Amino acid sequence: MDFHPHFIKDRKFWLIEIPELDLMTQGKTKKEAMSMLLDALTGLLEILHKQTIHIPMSSKKNDIIITIPDEFTIPLLLKRMRVRNGKT
């Protein structure tokens with residue numbers, strides 16, 4: 001499944017989010033924010049699946065695409081929805 005993170009400039013920081021996963025982080029630069037997002041996403045996936053996971057990323061012009069295999073995405077989506085709704 002492909003995700004397209006959104007960047008938001010907030011004074012001195014860049015916020016980056018993946019709304020579908022209810023995941024947001026920040027950095028002083030766009031590059032740092034992207035690195036923080038990938039680190040958070042990798043951490044969530046590795047805790048959930050108990051294995052090391054590489055997350056490929058590509059970009060086209062101003063669009064960044066993060067691709068996560070479906071076998072990892074669906075459990076993550078369900079877990080994030082349960083957390084968001086207080087059903088953990």
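This is a short walk through one protein chain, from its sheet and hairpin to its pocket, its loops and a patch on its surface.

Before I begin, please keep in mind that we are looking at a predicted model, in which local features need pLDDT of at least 70, side-chain atom pairs count only at pLDDT 80 or more, and totals for chains, interfaces and linings use all residues. Residues are numbered from 1 along each chain as its sequence is written, and side-chain values use heavy atoms, with hydrogens and water left out.

Let me start with the sheet. Three strands form an open sheet in the order 1-6-5, with antiparallel pairing; strands here are DSSP runs of E with at least two residues, helices are runs of H or I with at least four, and both are numbered from the N terminus. Two strands are said to pair if DSSP finds at least two bridges between them. Strand 1 (2-3) and strand 5 stand at the edges with a single partner strand each, so one side of each has no neighbour in the sheet.

Within that sheet, strand 5 (residues 57-60) and strand 6 (residues 63-67) pair in the antiparallel sense over four bridges, and Ser-58 has Ile-65 of strand 6 as its bridge partner. These two strands form a hairpin with two residues between them, and Lys-61 in the turn has a positive phi of about 50°.

Lys-61 also brings us to the pocket. The largest pocket has a volume of about 170 Å³, and its lining includes Lys-61, along with His-4, Phe-7, Lys-30 and Asp-63. The elements that give two or more residues to this lining are strand 2 (6-10) and strand 6. On a 1 Å grid over the protein atoms alone, a pocket is an open set of points with protein on both sides within 12 Å along at least five of seven lines, and lining residues have an atom within 4 Å of a point. Grid points are joined across faces, edges and corners, and the volume is the space filled by probe spheres set on the points.

Now to the loops. Which residues lie in the loop between strand 2 and strand 3? Arg-11 is one of them, and Lys-12 is another, in the loop that leads to strand 3 (13-18). Arg-11 has a positive phi of about 55° although it is not a glycine, and it counts as exposed at 78% relative accessibility, where buried means under 20% relative accessible area, exposed means over 50%, and partly exposed lies in between, with a 1.4 Å probe and protein chains only. Lys-12 is exposed as well, at 64%, and its C-alpha atom is separated by 8.9 Å from that of Gly-27, 15 residues apart along the chain.

In strand 3 we find Trp-14, which is partly exposed at 21% relative accessibility, and the C-alpha atoms of Trp-14 and Thr-25 are separated by 8.6 Å. Asp-22 sits in the loop between strand 3 and strand 4 (23-27); its phi is near 55°, a positive value in a residue other than glycine, and it counts as partly exposed at 39%.

I will close with helix 2 (residues 70-84), which holds Ile-74, a residue that is partly exposed with a relative accessible area of 47%.

Note on methods:
1 Å grid on protein atoms, 1.4 Å probe; cavity = no way out; pocket = protein on both sides within 12 Å on 5 of 7 lines; lining within 4 Å.
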